[in-house]
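Please take a moment to look over the model below before reading on. The paragraphs that follow walk through it step by step, moving from one contact outwards to the whole chain.

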Amino acid sequence: MKKHISMHTHLQSSRLSSVLGVDLPEPKRGVLLELYVQTVLFSRECSFKKEQTSALLSIIKSIHEANIETPLNNIEQCFIYCKELILCHSVRRPPFSVDLFSSKEVNCIFEYIHNSYMRHYKLYKYIFTPQVKVGNVLFYTNCFKQVLLCFFVLKVESCVFHLKEQMMLVSGHLDQRMKDIADQHNRALDSPQLNHKARK
């Protein structure tokens with residue numbers, strides 16, 4: 001009997017893997033598939049229809065993607081996003097939302113998401129986000145090219161800043177020189193010797 005359940009769960013995970021596009025290395029793949037399989041099992045326990053199961057899987061996937069998009073703590077934003085997604089699937093307001101879940105089902109879903117995902121939020125964050133090492137240089141282990149690009153952009157911005165600074169300095173000198181020339185010209189026009197020559 002155990003072997004039959006194990007094969008059935010393996011079959012579910014391989015189907016979920018292909019349907020949800022889970023193409024990750026281990027242990028990430030195993031953790032994510034376990035989350036999805038447990039969500040399907042929860043849906044069966046609650047006697048959800050196929051549409052409800054699909055929507056719940058989509059909600060879990062969206063929350064997970066929102067969680068791992070940054071290594072920073074964003075649990076509040078994820079929880080708000082979760083509420084919005086569930087609300088969109090529990091209130092009928094075409095074309096913005098549909099009423100797939102009743103209020104009783106929504107309560108069960110909130111409790112399930114809290115117990116299965118939000119309670120282990122930091123664990124999912126740790127497993128799925130790139131590790132950040134802080135030293136003399138900020139370094140993302142999985143994003144070295146992006147860091148080099150950021151460093152290059154910062155260098156270019158620094159050069160542009162210095163170039164603007166030099167241009168402002170030269171522009172100031174040119175303005176002062178033009179003012180000096182205009183003053184000399186005005187003094188020359190106002191001088192008595194020039195006025196005397198002009199009268200003759």
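In this predicted model, a good place to begin is with helix 3, which covers residues 50-68, and helix 5, which covers residues 103-116, since their axes come within 12 Å and cross at roughly 35 degrees. The crossing of these two helices is right-handed. Which residues meet where helix 3 and helix 5 touch? From helix 3 come Gln52, Leu56, Ile59, Ile60 and Ile63, and from helix 5 come Glu105, Ile109, Tyr112 and Ile113. Sorted by chemical character, the residues of this contact comprise 7 that are nonpolar, 1 that is polar and 1 that is charged. In soluble globular proteins, nonpolar side chains tend to be buried together.

Several of these names return when we turn to the largest nonpolar core, which has 27 residues and in which Leu56, Ile63, Phe101, Ile109 and Ile113 have the most contacts inside the core. Two or more residues of this core are given by each of helix 2 (28-45), helix 3, helix 4 (75-88), helix 5 and helix 6 (121-128), and the largest share, 7 residues, comes from helix 3. To see how one member is surrounded, consider isoleucine 109, which touches Phe42, Phe48, Leu56, Ile86 and Phe101 when residues up to four places away in sequence are not counted.

Helix 3 itself has 19 residues and reaches 27 Å from its first C-alpha to its last, close to the 27 Å expected at 1.5 Å a residue. Its buried residues include Leu56, Ile59, Ile60 and Ile63, and among them are also Gln52, Thr53, Ser62, His64 and Asn67. An α-helix has 3.6 residues a turn, so residues three or four places apart point the same way.

Helix 2 can be read in a similar manner, for it has 18 residues and spans 26 Å between its first and last C-alpha, close to the 26 Å expected at 1.5 Å a residue. Leu32, Leu33, Leu35, Tyr36, Val37, Thr39, Val40, Phe42 and Ser43 are buried in this helix. Is serine 43, then, buried or exposed by the numbers? Serine 43 counts as buried because its relative accessibility is 1%, while the cut-off for being buried is under 20%. Leaving out residues up to four places away in sequence, serine 43 touches Phe48, Thr53 and Leu56.

Just beyond this helix, a second serine gives a contrast in its surroundings: serine 47 is found in the loop between helix 2 and helix 3, and serine 47 is exposed, with a relative accessible area of 60%. The phi of serine 47 is near 55 degrees, which is a positive value in a residue other than glycine.

Returning to helix 5, we find cysteine 108 there, and cysteine 108 counts as partly exposed because its relative accessibility is 32%, which lies between the limits of 20% and 50%. Although cysteine 108 and phenylalanine 42 are 66 residues apart in sequence, their C-alpha atoms are 9.7 Å apart in space.

Finally, we can step back to the chain as a whole, whose secondary structure comes to 8 helices and 4 strands, arranged along the sequence in the pattern α-α-α-α-β-β-α-α-β-β-α-α. Of the 200 residues in the chain, 25% are buried. Among contacts between residues at least 6 apart in sequence, 54% join residues that are at least 24 apart.

Note on methods
Residues are numbered from 1 along each chain as its sequence is written. This is a predicted model: local features need pLDDT of at least 70, side-chain atom pairs count only at pLDDT 80 or more; totals for chains, interfaces and linings use all residues. Side-chain values use heavy atoms; hydrogens and water are left out. Axes are lines fitted to C-alpha atoms, for helices over the stretch in contact, and angles run from 0 to 180 degrees between N-to-C directions. A crossing is left-handed if the near helix is turned anticlockwise from the far one by less than a right angle, and right-handed if clockwise. Contact means heavy atoms within 4.5 Å. Ala, Val, Leu, Ile, Met, Phe, Trp, Tyr, Cys and Pro count as nonpolar, Asp, Glu, Lys and Arg as charged, and the others, Gly among them, as polar. A nonpolar core is a set of buried Ala, Val, Leu, Ile, Met, Phe, Trp, Tyr and Cys residues joined through side-chain atoms within 4.5 Å. Buried means under 20% relative accessible area, exposed over 50%, partly exposed in between (1.4 Å probe, protein chains only). The expected span of a helix is 1.5 Å times one less than its number of residues.
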